[in-house]
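Here are a few short exercises to try with the structure open beside you. Have a go at each task before reading its solution.

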Amino acid sequence: MVSSSEPSQKLRILLMPFFVTSHIGPFTDLAAGLAVAGAGAVEPTVAVTPANVAVVRSALERHSPAASGLVKVVTYPFPRVDGLAPGVENLSAAGSDAWRIDAAAIDESVTRPAQEALLRERRPDGVVSDIHFFWNSVVAAELGVPCVTFVVTGPFATLTMGRLIDAVVTNGDGSEPESSQEVVIRGFPWPEIRIPVAEMPEFLRRRSRSGELNPCVEALRRCFGQVMNTFFELEQPFCELLVREGHAKRAYFVAPLSPPPPAGVGTAVEPCIRWLGSKPNCSVVYVCFGSFAAISADQLRELALGLEASGQPFLWVVRADGWAPPDGWEERAGAKGMLVRGWVPQTKILAHPAVGAFLSHCGSSSVLEAVTAGVPMLTWPLVFDQFIEERLVTDVLRIGEKVWNGPRSTRYEESEVVPAETVARAVATFLEPGGAGEATRGRARDLAAKAHAAVAEGGSSYRDLRRLIDDLIEARAAAGGTTSPSAVPAKMSGNNADGV
């Protein structure tokens, strides 16, 4: 058990997230969790570029003052990127220029110098790095401090990606295979997972077959351990497989890290929460596609018409500047639907009893928030690893169903428009009494109970977060730093049996 320490003995942890809101948020939540779990023994600092400080501050606002007040924020310069406007430092804000940020972020010659300078200047006791910044494990080793990789997805997605890296995804001449070609994921306990090439993350579709070990995979195997944004009971067979196959020296499953919605009068402040209060239990479909991926105007139109035609109440969050629904749509939708532009309190919405389904892009944080709230999902992945996360929802956990079974792609230009009729049918049948939503809801609620138990005192995530702190303190002591607490760290907190 972590013990309190004098200020000079605090364990100084520097956290370095990737340049996108969907990573900065979980990293900030982890920092707040470490501060609370450390009971005064931990000093977490989130390191971001200047324009991303606001994202960290916004994430900290979800936490109690006691937690957020213990988290520090430092900055380092954003790399110079040709063609990118000054102050644009986040994929979620870059629009069509997002690829420029992505390319610069993973370019060691571009991004490493500023990060390495910060690490050498601050000389923390431990580093928590995003998987994209694979060089941080090298720098940390040179400084003699442990580097932990924080993977914002869980072991199912991580292992699937690893197997896709090893799969034959290019033809012998180096050209890409047909988009419809499927890759079967081997070596999983269950079920059989098949992924068409068109639904693979872009970097896998266009990579060369050089035979070289992916530097991110190499860094994962080299680093002190992995922290994963999941809880053991959610992905138990894959948590065990991750450790058994040696993908991590130490594994820590610490989710859910986001704080629960505050109780009391404050929950009814936002207009969308008040609107939900007028609807029957489990009657509303909440629709949100995250903060990054672009959706065409034609697709937004079909989605609007489909939600209207479903006959079900809906709360739809739209992040598309300049888009307007079809003429007369808002009048026809009336009290049946609510359209919101911009930010919404998603955890509060999902926790509201009126919400019966979450139509989502399957971002890892959204999936975890739905699980924690016990809300089943209608899945509509768009980019990156979202098609893999969808299979966790539909095939493994069985807490959701696909909206569309037609051709899909991680590439915007290859995406087919899902017709309004398909949207209407998927929503209506999922929410109808006795429909698919009821069976999935029961399973989702069982998982929600396990999620809350995991972070409660003595739960698996509660123990793993404290084990992470104890292991880092022990590593500092072994390296000749400040004396570690008297308590002996629990090696696997009783949940990852084959041990790290």
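**Exercise 1. Work out how α1 and α2 are oriented to each other.**

Step 1: In this predicted model, the axes of helix α1 (residues 21-37) and helix α2 (residues 53-60) come within 9 Å and cross at roughly 50°. Helices here are DSSP runs (H or I, at least four residues), and strands are E runs of at least two, numbered from the N terminus. Axes are lines fitted to C-alpha atoms, for helices over the stretch in contact, with angles from 0 to 180 degrees between N-to-C directions.

Step 2: Angles under 35 degrees count as roughly parallel, over 145 as roughly antiparallel, 65 to 115 as roughly perpendicular and the rest as oblique. α1 and α2 are therefore oblique to each other.

Step 3: For the contact (heavy atoms within 4.5 Å), look at Thr 21, Ile 24, Gly 25, Thr 28 and Asp 29 in α1, which meet Val 55, Val 56, Ala 59 and Leu 60 in α2.

A reading note: residues are numbered from 1 along each chain as its sequence is written. Local features need pLDDT of at least 70, side-chain atom pairs count only at pLDDT 80 or more, totals for chains, interfaces and linings use all residues, and side-chain values use heavy atoms, without hydrogens and water.

**Exercise 2. Explain why Cys 147 forms no bond with Cys 223.**

Step 1: A disulfide is a pair of cysteine sulfur atoms within 2.5 Å.

Step 2: The closest cysteine sulfur to that of Cys 147 belongs to Cys 223, and because it lies 6.1 Å away, it is too far for a bond.

Step 3: The search of the whole structure likewise gives zero disulfides.
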